[in-house]
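Reader: I should be grateful for a close look at one part of this model, set in the context of the whole. Please proceed from the overall fold to the chosen part in one connected account.

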There are 2 protein chains.
Amino acid sequence: MSLVVVGSVAYDGLETPHGKVDRILGGSCTYIALAASFFARTKIVAVVGDDFAASDEALLASRGIDLEGLERVPGKTFFWSGVYSADMNDRTTITTDLNVFADFNPNLPESYRSEPYLLLGNIQPALQRSVRAQMNGVRFVGGDTMNYWIGDFREELVTTIREWDFLLINDSEARMLAGEHNLRRAAEKIMEMGPHTLVIKRGEYGAILFQGKQHFMVPGFLLEDIFDPTGAGDCFAGGFMGYLAQQGIRPQHGEIDHQALRRAVIYGSVMGSFCCERFGPDRFRTLTHAQIDDRYREFKAFTNF
Amino acid sequence: MSLVVVGSVAYDGLETPHGKVDRILGGSCTYIALAASFFARTKIVAVVGDDFAASDEALLASRGIDLEGLERVPGKTFFWSGVYSADMNDRTTITTDLNVFADFNPNLPESYRSEPYLLLGNIQPALQRSVRAQMNGVRFVGGDTMNYWIGDFREELVTTIREWDFLLINDSEARMLAGEHNLRRAAEKIMEMGPHTLVIKRGEYGAILFQGKQHFMVPGFLLEDIFDPTGAGDCFAGGFMGYLAQQGIRPQHGEIDHQALRRAVIYGSVMGSFCCERFGPDRFRTLTHAQIDDRYREFKAFTNF
């Protein structure tokens, strides 16, 4: 059983207190798929230009990622660059060149359409809805969004997430979407909009899972060096959904097993933490399943009492 | 076996998004002692003026707190007032009238001096050291400090904490004291200064316990309403130390049982969370042991996976 992922495949220019890279593989779909590929067969839907490097395609292929839905069109690949603050909690965008991504209109290969798991990375809500509509018999669907869509495309976003099983967003976005500062009440309001499961990401402070009346909280992994936080939230999403797909989880009576969701949140946290250890997606070139299992056990060890 | 607590007993003027009180019992010693009193017999060392209300003294006495070390001198009690921001993560000080606290020179009653547990609330480091020196055969000692002492009284503070078993500070203070942004490395540097145990408080994001090579992380309790965060950090300290004193914990070969410290961090978190549910220390007028036990179990429930 495979997982379909839609989002951006991009090049990023990154500057953090640890260094600078002018051009490195990036994009939400890239990070989600790389993280998810450690758990389940992953099929991506994205668009790149004719400058997309064979070595980057080879990295994705080396992780067994299905690239049939990776459209190549004339022009340049989406390019973003930014600079992180000293504490890496803020970043300033320097460049956003949408390039071929501006006309992205995802069209799913026939071989993707009957897959049971769908993860919609952060793109225009109407495009997320169109992808959802192309899938037949999807079992579990959810995704990410951002402040821009919440602010300027609210109606479209609300219509889109009504059909989702889960939503993954960060704390400030949750507050903005709900119009409520208190996270507990914000979560209730968001779950009334459709998703029965909500994960609020809090960056270095971890994540909160809400499902019905239950919630689960995990602190962020305490890294000794954070090289580059780019993509950590997407890797969280990839680990979270990848684990659920690997387990073949499906909702029963509209609900998904709560303990499995908790474990999925830990795997999400594990993958997000690895992502920060190198620039861009470089950590996934060498990451092993044994390292993932070790870090999962570390989470148990430092949270248990 | 009793716990000796030194710090301020004060009146506070508080304004939060939930309301305003002109004058309510406050001060680090007050909050620490109220929280600790649910676990262990607590003896306080502090100074108040002749305006200190009988009803406030009665509240402390109702919790079985030993007031022999509460000095009453002519003049006014320490007064502080402040206004919290909308998200309550920042506060602006409006008034700081030290009053009788300006000449505080703690002198311990004879009946306090042989107690095994000592918690030094946030006061001038030299005064903390003087209190420590008045104790005979103390078994476990630690305390709190703040940015002001770290910045302007660094040498004195470093000399003071060298004799401590544990230090409780917040994350920005830990970074400032260590001169290191990364919390994991900051913790190592601080533990080289003396304390074998360090608790870094992160406000709504919880706390981290460091001891030797081990660490433990707990998220903050997700309150539906935060009325007033004043005193939450001190209540954390009171719950933490109160629990250790209740259990009769003592260091073995210079180390304290790590699992007991983890439970102490949870009891600290429990007491800090209750503190925020009412203005000032009002929650402790009605709090019961059953409610404390229930919340401890809630912590287990929302962190377990």
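What percentage of the 305 residues in chain A do buried residues make up? With that settled, please examine helix α6 of chain A (residues 171-178) closely.

Author: The model is a predicted one, and every value below is computed from it. In chain A, 61% of the 305 residues are buried. The dimensions of the chain fit with this picture: a compact globule of 305 residues would have a radius of gyration near 19 Å, and chain A, with 18 Å, agrees with that expectation. Along the principal axes, the C-alpha trace of chain A extends over about 50 × 45 × 35 Å. Its secondary structure consists of 10 helices and 13 strands. Of the contacts in chain A that link residues at least 6 apart in sequence, 64% connect residues at least 24 apart.

Helix α6 of chain A may now be taken by itself. The helix comprises residues 171-178, and 6 of these 8 residues are buried, so α6(A) is largely enclosed by the rest of the structure. For this count, a residue is buried when its relative accessible area is under 20%. The buried positions are D171(A), E173(A), A174(A), R175(A), L177(A) and A178(A). Their packing partners within chain A are three helices, α4 (147-152), α5 (154-161) and α7 (183-192), together with two strands, β10 (166-170) and β11 (197-201). Immediately after the helix comes G179(A), whose phi is positive, at about 65°.

A positive phi also occurs at a residue that is not glycine: N99(A) has a phi near 50°. This residue belongs to the loop that runs between β7 (91-97) and β8 (117-120) of chain A. N99(A) has a relative accessibility of 31% and therefore counts as partly exposed. In chain B, N99(B) likewise is not a glycine and has a positive phi of about 50°. N99(B) sits in the loop between β7 (91-97) and β8 (117-120) of chain B, and its relative accessibility of 31% makes it partly exposed.

The relation between the chains can be stated exactly. Chain B is superposed on chain A by a rotation of 180° with 0.0 Å of shift along the axis, at an RMSD of 0.0 Å. This is the relation of a two-fold axis. Within chain B, P219(B) has the C-alpha nearest the axis, at 2.8 Å from it. Both copies use the same surface, as 100% of the contact residues of chain B recur in chain A.

P219(B) appears again in the lining of a cavity. Searching the whole structure gives 1 cavity of 30 Å³ or more, and the largest cavity has a volume of about 40 Å³. Both chains contribute to its lining: R202(A), Y205(A), V218(A) and P219(A) from chain A, and R202(B), Y205(B), V218(B) and P219(B) from chain B. By class, this lining contains 6 nonpolar and 2 charged residues, with no polar ones.

A buried position in chain B completes the account. I32(B) is located in helix α1 (residues 28-36) of chain B, and with 1% relative accessibility it counts as buried. Leaving aside residues up to four places away in sequence, I32(B) touches V5(B), L119(B), G121(B), D234(B), A237(B) and G238(B). The C-alpha atom of I32(B) is separated by 7.6 Å from that of F236(B), although the two residues are 204 residues apart along the chain.

How values were computed
Residues numbered from 1 in each chain as written. Chains lettered and ligands numbered in written order. Predicted model: local features only at pLDDT ≥ 70, side-chain atom pairs only at ≥ 80, totals over all residues. Heavy atoms only, no water. Least-squares fit on C-alpha atoms with pLDDT ≥ 70 in both. Contact = heavy atoms within 4.5 Å. 1 Å grid on protein atoms, 1.4 Å probe; cavity = no way out; pocket = protein on both sides within 12 Å on 5 of 7 lines; lining within 4 Å. Points joined across faces, edges and corners; volume = space filled by probe spheres on them. Nonpolar A, V, L, I, M, F, W, Y, C, P; charged D, E, K, R; others polar. Helix = DSSP H or I, 4+ residues; strand = E, 2+ residues; numbered from the N terminus. Rg over C-alpha atoms; globule rule 2.2 N^0.38 Å. Buried < 20%, exposed > 50% of the residue type's maximum accessible area, 1.4 Å probe, protein only.
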